[in-house]
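This report examines how the strands and helices of one protein chain are arranged and which residues fill its interior. Please consult the sequence and the structure while reading.

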Amino acid sequence: MPRYTIALRNNATPDAPASVSRHVPFYCAHEAAGAAWNRALDEACGDLLDPVTQTAVVNVVSNFGRELFTGDADVVVALDRIGTTSLTFLITLHQDGVQAAELTVVLVHLDSSRVNSAPWSPAQIAALEALRSAPVVA
């Protein structure tokens, strides 16, 4: 499972109090998770898949067990399931060695029109399967 250290930030105004400027809103945590799964797909699949143009997010479920703060977080991307045209990631965000959030994300593989789903190729499936046992990356 790939593991990345990603800097969490928020979009607070410069004059926001510390209690606001240190808090990471859920959508910023989702952006960090998105950066992590895109990186994992890019590293695993290389030229076999462009995550930006050939996938679409169709479902995200997120649960937060504690507040996230600005600064570094470890994001772990684990492939949970591969279907004919979709895949499911389990993504966890950790700060200070404690899991703070867990996201389940379903992506669909798109054809060139970006309108219809398309089956994964055997080469893509083999590359994606490597995410189940990929070594931890710093």
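## The hairpins around β4

In this predicted model, β4 and β5 form a hairpin in which two residues separate the strands. Within the turn, D96 has a positive phi of about 55°. The two strands run antiparallel and are joined by ten bridges. One of the positions in this pairing is I91, which stands opposite L103 in β5.

On the other flank, β3 and β4 also form a hairpin, here with three residues between them. Eight bridges join this antiparallel pair, and V76 faces T92 of β4 across it. Strand β4 is mostly covered, as nine of its ten residues are buried.

## The sheet as a whole

Five strands make up an open sheet with antiparallel pairing, in the order β1-β3-β4-β5-β2. Its edge strands are β1 and β2 (55-64), each of which pairs on one side only. From one strand to the next, the twist averages 30°.

The pairing of β1 with β3 is antiparallel and comprises six bridges. A7 has D72 in β3 as its bridge partner.

## Helices against the sheet

Two helices are considered here. Helix α2 lies across β1, β2, β3, β4 and β5, and runs at about 145° to β1. Helix α4 packs on the sheet as well, where it touches β3, β4 and β5; its direction makes about 130° with that of β3.

Which residues of α4 are buried? They are Q124, A127 and L128. Seen down the axis of α4, these buried residues fall within an arc of 100°, so they line one face of the helix. An α-helix has 3.6 residues a turn, so residues three or four places apart point the same way. The buried residues of α4 pack against α2, β3, β4 and β5, whereas P122 and A126, on the other side of the helix, are exposed.

## The nonpolar core

The largest nonpolar core contains 33 residues. Those with the most contacts inside this core are W37, L41, F89, I91, L93 and L128. Two or more residues each come from β1 (3-8), α2 (26-45), β3 (71-82), β4 (86-95), β5 (98-109) and α4 (122-129). Helix α2 gives the most, with nine residues.

I91 illustrates how these parts meet. Leaving aside residues up to four places away in sequence, I91 touches A33, W37, V75, V76, V77, A101, E102, L103 and V105. Among these contacts, W37 is itself one of the residues with the most contacts inside the core, and L103 is the residue that stands opposite I91 in β5.

## Two polar residues in the sheet

Is S86, a residue of strand β4, buried or exposed? Buried means under 20% relative accessible area; S86 has 15%, so this serine counts as buried. Beyond its neighbours within four places in sequence, S86 is in contact with R81, V106, L107, V108 and W120.

E102 lies in strand β5. The relative accessibility of E102 is 29%, and this residue therefore counts as partly exposed, since that class lies between 20% and 50%. With residues up to four places away in sequence not counted, E102 touches V61, S62, N63, L90, I91 and T92. Of these, V61, S62 and N63 belong to the edge strand β2 (55-64), while L90, I91 and T92 belong to β4 (86-95). The C-alpha atoms of E102 and A118 are separated by 28 Å, although the two residues are 16 residues apart along the chain.

## Cysteines

How many disulfides does the structure hold? The number is zero. C28 is buried, with a relative accessibility of 5%, and C45 is likewise buried, at 4% relative accessible area. Both cysteines fall within the span of α2 (26-45).

How values were computed. Residues are numbered from 1 along each chain as its sequence is written. This is a predicted model: local features need pLDDT of at least 70, side-chain atom pairs count only at pLDDT 80 or more; totals for chains, interfaces and linings use all residues. Side-chain values use heavy atoms; hydrogens and water are left out. A nonpolar core is a set of buried Ala, Val, Leu, Ile, Met, Phe, Trp, Tyr and Cys residues joined through side-chain atoms within 4.5 Å. Buried means under 20% relative accessible area, exposed over 50%, partly exposed in between (1.4 Å probe, protein chains only). Helices (H or I, at least four residues) and strands (E, at least two) are DSSP runs, numbered from the N terminus. Contact means heavy atoms within 4.5 Å. The arc is that of the directions from the helix axis to the C-beta atoms. A disulfide is a pair of cysteine sulfur atoms within 2.5 Å. Two strands pair if DSSP finds at least two bridges between them. Axes are lines fitted to C-alpha atoms, for helices over the stretch in contact, and angles run from 0 to 180 degrees between N-to-C directions.
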